[in-house]
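Q: Could we go through this model together? I have a few short questions.

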Amino acid sequence: MKAFKFAKTVLKSMFKKPATLMYPVVEREWQDRTRGQIGIEEDSCILCGICAKRCPADAISVDRKDGKWEIERMRCIQCGECVEACPKKCLNMEKQYTEPGPEKVIHVHEIEVKKPAKPAAPKADAPAESGDAAAEASADDADDTLVCDLNACVFCGLCAKNCPCDALKVDRKEKIWELDEDACVKCGACIDKCPKKCLSFGAPAAGAEEAEELAKKVEDSEAADENKAAAAVVPEFDAEKCIYCGVCENQCPCEAISAEMDAWTLDKEACIGCGACVDVCPAEALKM
Amino acid sequence: MAERVNVEQNFVPVELPQLLTKVKDLKAEGYRFGQACATVVGDQIELVYSFDKEHQLLNLKVSIAPDDAVESITNVYWPAFIYENEIHDLFDVKFMHMALDYQGNFFKVSEPTPWKPNKEEGR
Amino acid sequence: MEAEQRGRKVVSMGKKTIIPFGPQHPVLPEPIHLDLVVEDETVVEAIPSIGFIHRGLEKLVETKDYNQMAYVIERICGICSFGHGWGYCASVEGAMNVKVPERAEYLRTILHELSRLHSHLLWLGLLADGFGFESLFMHCWRIRETVLDILERTTGGRVIFSICKVGGLRKDIDDETLKEIVEILNGMKAEIKEITDVFLEDDSVKNRMCGVGVLSKEDAMELCAVGPVARGSGVEQDMRLTNSHGVYDQLDFEPMIETAGDCYARCKVRIREVFQSIELIEKAVAKIPEGPISVDVKGNVEGEFITRMEQPRGEAFYYAKGAGSKFLQRMRVRTPTNMNIPALVKTLQGCDLADVPILVLTIDPCISCTER
């Protein structure tokens, strides 16, 4: 006859501290990863609107013209998609939950509308065969369309990889750089990532003569593909400074680098001389 | 007992008149009933019946027009009444000879047959 | 009478009364309605009726693309949330032929077992509340808080994790945290043993559970019962024996089977699964490899795929069908409680009115899963 089996636990718990918190008098200790609410760093926001597109609950709305970033706190499901999607990393997940209240609040943040920097005056008489770049520049209302200086571009593809809207198509062998204007939200993530700094909003500085040279260059390079790769500048490695973190290996678009411990190797055949590894090395151990 | 079963998808298309016979065959072979669901594909409705035997999956796929009446399998597998009533309530597919027929009252929805195809134009 | 209006003939003798059970009832965690046809305190028949929590979540596939749909599907239910998220992601990954890295599978298995742990502890508490043992209920839930703290520490949420995505996981759990989790769980074992001994050995509890609601093995197979309801009746059925999800084949997993078929057997199956989950987590942490936790998934969904997951309550089907766009054509979730309702109806026939709450709780009803 087993009765009162629970008596021991009950007696023990009479003398222990209660398991509950006197909330809200006693504050709760939040854990590090708790998904509480979304916070925004207003200075870094560029009003690209990717967060609003990705939000599964449609809680965020971005007004590009008036410079407003709004979030409906009670619609937000604290999933963190917007935090991951933001190209400028200006959103973060705060630990504290939204305060409960009698009405559904919408928090409005005023963001300064930043116009992308306009380059020098574009040439109005660019010839027709100078590729996509000039055609886009001559469109009336496409003042801040993304353009690529095909002269400087090495078609490494880093811009396409980092585009959050998949708006870019880059083919290294065919030397193609294409932009899907409808998908582009002008966030500028590609401009940041480009190692040759050949992307910009607005017309490039390329003039007529350079454009013709460019067309010729494209033909030449198609014929001498291997030569171009071999003759390109390759990164120089400083073993003293290298910390074998492997970031260069991750960043290389052609997988030419292998950064194992005490064994950093570069495949010169694969290297296209884009210089992405040089830019990203935290120890400054690489030089072109 | 520690064998792991490699589950294959096994989608088998079946014609509507053969459905009940095939289900009876499966019952005789010892299959357990899994689930039944309906999908709107174009202007037809596709029913998928899933069966399981010793952790191996077998699915029967039937394509019907929205007005077709389907033979109920509740006389072979009684638990199917839940799925057939649900499909009837949501998609308005008619089942004949259901063992337990709620006549549209199984699910408490605010408007009848909300997922019926061609119901909402211009959504 | 109502029973006849539903199109089914009721034949019995004696004075019949119909007692509506639910949708609001103190023992029910979620609203289900049963019309109990009662003859002098013995239930002759039970007619279920659901639909109080129907939110039509499956229709949202038309407006949310397959990445956003993961958040919708994991909110079908608060208790089985991780299982739904994983099942959805696994079926979309199967349709798109995406292979998830090994570390992600291990982490998903660990989180799923943690989810099973907290679900069974919740159920034990509800069962105790069902027969009026309030202090046992509170202690079960107090122990469950430790598990929820672990989950918040690793995923960020106590019940809704938002960590599974198509292609893997969104956040990694580093090895130190994993070792700490194992230590915390081992420390909990003694406490859990104290509590579960009360369920299994105390006479007053056994009186309410032994011999009540017997489901024979043939009935369980005829009625297609799933999960602990089937395993408590001797049917060997556990989706973790297939290799469709997780790394259970590398963790030496065996399902827990009991043969008595009554409430006591089902309770014992779940208690044994609690301890088994802690062991599985330990084994998985010992074997987890290094590596990435997700792969990039781009493109549209084409084709169909069915995944079956062993949720804490039983076997769950996830059917994903894509037709070449980024919106799925159909997402169907068939949850275990959906399949156990006929088994419930059968066990209710011939039981006492006072046993009805225990029987309803013993199939572990999760009605928000049933109705989505």
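Q: What follows H5(C), and what is the sign of its phi?
A: C:Gly156 comes directly after H5(C), and its phi is positive, near 100°. Please note that this is a predicted model, in which local features need pLDDT of at least 70, side-chain atom pairs count only at pLDDT 80 or more, and totals for chains, interfaces and linings use all residues. Residues are numbered from 1 along each chain as its sequence is written, while chains are lettered from A and ligands numbered from 1 in the order in which they are written.

Q: How many residues does helix H5 of chain C have, and what is its reach?
A: Helix H5 of chain C covers residues 134-155, which is 22 residues, and spans 31 Å from first to last C-alpha, close to the 32 Å expected at 1.5 Å a residue. Helices are DSSP runs of H or I with at least four residues, strands are E runs of at least two, and both are numbered from the N terminus. The expected span is 1.5 Å times one less than the number of residues.

Q: Which residues of H5(C) are buried?
A: Among them are C:Leu136, C:His139, C:Cys140, C:Ile143 and C:Val147. Buried denotes 20 or more other C-beta atoms within 10 Å of a residue's own, with C-beta atoms placed from the backbone.

Q: What do they pack against?
A: The buried residues of H5(C) pack against helix H1 (7-14) of chain A, and also against helices H4 (102-130) and H6 (175-201) of chain C. A contact requires C-beta atoms, placed from the backbone, within 7 Å.

Q: Changing topic, what is the secondary structure of chain A?
A: Chain A has 10 helices and 13 strands. Of its 288 residues, 28% count as buried.

Methods: Buried ≥ 20, exposed ≤ 12 C-beta atoms within 10 Å, placed from the backbone. Contact = placed C-beta atoms within 7 Å.
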